[in-house]
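Please open the model in a viewer and keep the selection tool at hand. The tour below proceeds from the whole chain to single residues.

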Amino acid sequence: MYQDYTAIAILLLTAIPVLAVAATVFFYVKNNERKTPLVREDFYR
């Protein structure tokens with residue numbers, strides 16, 4: 001029983017920071033797309 005809790009704790013301690021970094025990168029890239037300068041392809045939509 002003790003080993004089950006340590007496995008869950010280790011999994012959470014590794015998964016939560018990875019998910020936080022992934023979410024931060026995703027939102028940064030998503031918000032940064034709007035700030036890119038206009039290129040020629042933008043006018044042909």
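**The whole chain**

Of the 45 residues of the chain, 0% count as buried (under 20% relative accessible area, with a 1.4 Å probe and protein chains only). This is a predicted model, in which local features need pLDDT of at least 70 and side-chain atom pairs count only at pLDDT 80 or more, while totals for chains, interfaces and linings use all residues. Residues are numbered from 1 along each chain as its sequence is written, and side-chain values use heavy atoms, without hydrogens and water.

Colour the chain by secondary structure: one helix and zero strands appear (DSSP runs of H or I with at least four residues, and of E with at least two). The chain exposes about 4,700 Å², and carbon and sulfur atoms supply 70% of that area.

**Ile8 and its patch**

Next, select residues 2-33, which form helix H1 and contain Ile8. Ile8 counts as partly exposed (20% to 50%) because its relative accessibility is 46%. Add Tyr5, Leu12 and Ile16 to the selection: with Ile8 they make a nonpolar surface patch of about 420 Å².

**The aromatic pair**

Finally, select Phe26 and Phe27. The structure holds one aromatic pair (ring centres within 6.5 Å). The ring centres of Phe26 and Phe27 are 5.4 Å apart and their planes meet at 70°, so the pair is edge-to-face (over 60 degrees). Phe27 is partly exposed, at 47% relative accessibility.

Conventions
Accessible areas come from the Shrake-Rupley method with a 1.4 Å probe; for residues, only the protein chains shown count as cover. Patches are made of residues with over 30% relative accessible area and no salt bridge: like charges are joined within 9 Å, nonpolar side chains (Val, Leu, Ile, Met, Phe, Trp, Tyr) within 5 Å. A salt bridge is a side-chain nitrogen of Lys or Arg within 4 Å of a carboxyl oxygen of Asp or Glu. Rings of Phe, Tyr and Trp (its six-membered ring) pair if their centres lie within 6.5 Å; planes under 30 degrees apart count as stacked, over 60 as edge-to-face and the rest as tilted.
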